[in-house]
Each structure stands twice: as structure tokens, then as C-alpha cells.
Amino acid sequence: MLNKNKIILGLILIIGIFFRFYKLAEYPVSLSIDEVAIGYNTYSLLKTGNDEYGIPHPLAFKSVGDYKSPLLIYQKLE
Amino acid sequence: MRYFNPRLYFSSGDGNFLNGLTNFGPLLLIFILPFFRGLKNLFINKRELFNYLAFLIVFAIIPAVFTYPFPALSKSIFIIFPIVFVIAYGMDKLNRKILIGFVLLLIINVSVVLYDAVNKEPYRDLEQRMYSYRDLAREVTLHKDSYNKVFITNSYGSDPSPSLLFYMNINPASYHRNETKPLVYRNYINQFDNIIIDQKEKWILDRNYLYIITPDELESNPLFYGIDYKIKSRIVDLSGKEIYLFIEYLPKTNVK
């Protein structure tokens, strides 16, 4: 039973890896609007220590008004 | 307790422009079956797992509490873990016949998504638009300093400004100074530096202005009826179709 479960888990991982990396250079064709907004907030933090609206190191980023979570933005500062 | 609103499970993402479907939310709808099965089993048989589940729920709440006033659903992302936990537990307890039926339905569900991805929608509409915005930003960077104002239509897509800010490396400090109006959910940035987005009531003809419009607008916007102009640049989308024209007004040849 354990081996069977391991095989199923392995198959799921292989399928997942295939779809994650298949034509990775071609798809997606561009950054999404969220990704560019996150990138600009990171850029703003790096340049000024403030977010896009001049708020210093916020907990949630107003960004384009949809209030993004901070983890991705702060993580990109590394 | 509003945080535990069941609507989270059924929330959907951006609409799919090509086929009218919305995204499938945080989890596929079909997982609702093992979810309820797992929930029932947790209450009846495995109360000791409640501690583990309670830990996951508390863990999920912490970021949501810190960002509670904000409307984005991404603050609730960690609630996915306890939901997946319950689904997995429920799946383990499904009897064989139901499990086979469930897997068949799951394959159909995933097939529909794959069919859309591979055949109906090789490029997501949003991705194609963002690709075009990157090209737009490159061309605007080349031309913007040669003109007093650059007017950009929003007829191709409603909000090119985040891409322009990002790809053009607009100085955040100067942008902070310009942005003074109060924020509402999903605001649209309509001006920075000498770039004005939409606001067509402000558009007037001047040879020191650059107009970035769609080919349709060149025909339909009364501002451009019968004028002499020069096309400074063109932006095409992934299929090669023209989507933006960079128009410079030529008043001298218009004088009689």
C-alpha cells in the first residue's frame, strides 16, 4: 500500500513538474498586471523606503488600489 | 467571524475574456464532495485531529488579522491549508465507487481547463495585453522627452499605467508627489510625468503633443478628423495586429 501511494505521489509530482516547466520560456508571454505592480512597489521601497504612495514599509500595499500582501514585495528586496 | 465566510471557497478570479468562464477560485468546485466527507468524519470519528486543524486555522488567521481592513482576498490565502487538509482526509475516507466517480469528474474538470489552455486560449487575453504594454512602455520611453505631453488612450486596455511605471523605471519619489487623490478599490492611475492616460476631455491638438491611440480611434475620434499627421511609431500585438499608433500633429500643412 505504501509503495502504491509513493508511486501515485511520484506520478503527481512528475505531472506537476511537466506542466510547470513545459515551454517555460514562452508561457506566460508577459508579466501580469499584479507582477508589474509588485515589481514597482519593490522598486519604490528600494529607492525611497516607501511604497508606491509614499507610505513607509507598509503591512499591506495599496498598489493599484487592490491592497497586495506584503510577502512577495519584501521577499523581492533580498 | 466574517473571515470564515463560505464565499471564500467559491470566490473566482479574473474573468476569462475569450470564453466567458471565470477562474476556478482557490479550489476546484469538485473538491467540495471530499471536503464535506472529511468534515463529517472529523466531527464523528477523529476529534483528536481537531488540534491539528485548529492550529492550521489559527495560523491562517494571523496574516488576515494584520491585514483585515484591506479588501484583497489574498489575505485569506493560508486558509487553503486547513481546507486542503479536510479535503485530503475526506478523500481518504471515500468508498471505492464514489472515489472512481470522483476521479472521473476530476479528469473531466481538468480536461476542460486544459482544452481551454491549449486550444481555445493559447495566450491569455490579459497576458497578450500585458505583452503589448511592455512594447508600449519601450516606445513611450523613446519618445516622451521629445514632447511636452503624451496622451495615451485606454481604448485598447483600461489600465496600462502599472506596466508603464514598471517598465519605464519611473522615479517613485516624483510619482509619490503627483499622487494626492484619495484611494478607492482598484483605482486607475491617469497621469504621471508628462504622460496623460485617457482623460480625453483634456486632449487638444498641439504639435508638441504626442497622441497614442488605437487605429479605430484615428477614424472615429473627431479630434483627428481631417488633420495632417505623422505616424511616429506603431505597436502590434502577438498576432501582428496594430493596436497603438503614435500620432504627431502637423499643423503647418493644415493651414490654408
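Two strands pair if DSSP finds at least two bridges between them. Helices (H or I, at least four residues) and strands (E, at least two) are DSSP runs, numbered from the N terminus. The model is predicted: local features need pLDDT of at least 70, side-chain atom pairs count only at pLDDT 80 or more, and totals for chains, interfaces and linings use all residues. Residues are numbered from 1 along each chain as its sequence is written, and chains are lettered from A and ligands numbered from 1 in the order in which they are written.

**Exercise 1.** Describe the sheet of chain B and its edges.

Solution.
- Step 1: the sheet of chain B is open, has six strands in the order 2-3-1-4-6-5, and shows mixed pairing.
- Step 2: strand 2 (191-192) and strand 5 (229-236) of chain B are at the edges; each has a single partner strand, so one side of each lacks a neighbour in the sheet.
- Step 3: at one edge, strand 2 of chain B pairs with strand 3 (residues 195-197) of chain B in the antiparallel sense over two bridges, and B:Q191 is opposite B:I196.
- Step 4: strand 5 and strand 6 of chain B run antiparallel and are joined by seven bridges, with B:K230 opposite B:E248.
- Step 5: the hairpin of strand 5 and strand 6 of chain B has five residues between the strands, and B:G240 takes a positive phi near 90° there.

**Exercise 2.** Place helix 6 of chain B relative to the sheet strands and to chain A.

Solution.
- Step 1: helix 6 of chain B lies across strand 1 (149-152), strand 3, strand 4 (209-213), strand 5 and strand 6 (242-249) of chain B. Contact here requires C-beta atoms, placed from the backbone, within 7 Å.
- Step 2: helix 6 runs at about 145° to strand 5 of chain B, where axes are lines fitted to C-alpha atoms, for helices over the stretch in contact, and angles run from 0 to 180 degrees between N-to-C directions.
- Step 3: the contact between the chains takes 28 residues from chain B and 27 residues from chain A. Helix 6 (125-143), helix 7 (161-167) and helix 8 (172-178) of chain B each give two or more residues to the chain B side, and helix 6 gives the most, with six residues.

**Exercise 3.** Is B:A117 buried, exposed or partly exposed?

Solution.
- Step 1: B:A117 lies in helix 5 (residues 96-120) of chain B.
- Step 2: a residue is buried if 20 or more other C-beta atoms lie within 10 Å of its own, exposed if 12 or fewer, and partly exposed in between.
- Step 3: B:A117 has 13 other C-beta atoms within 10 Å, so B:A117 is partly exposed.

Conventions: Two residues are in contact if their C-beta atoms, placed from the backbone, lie within 7 Å.
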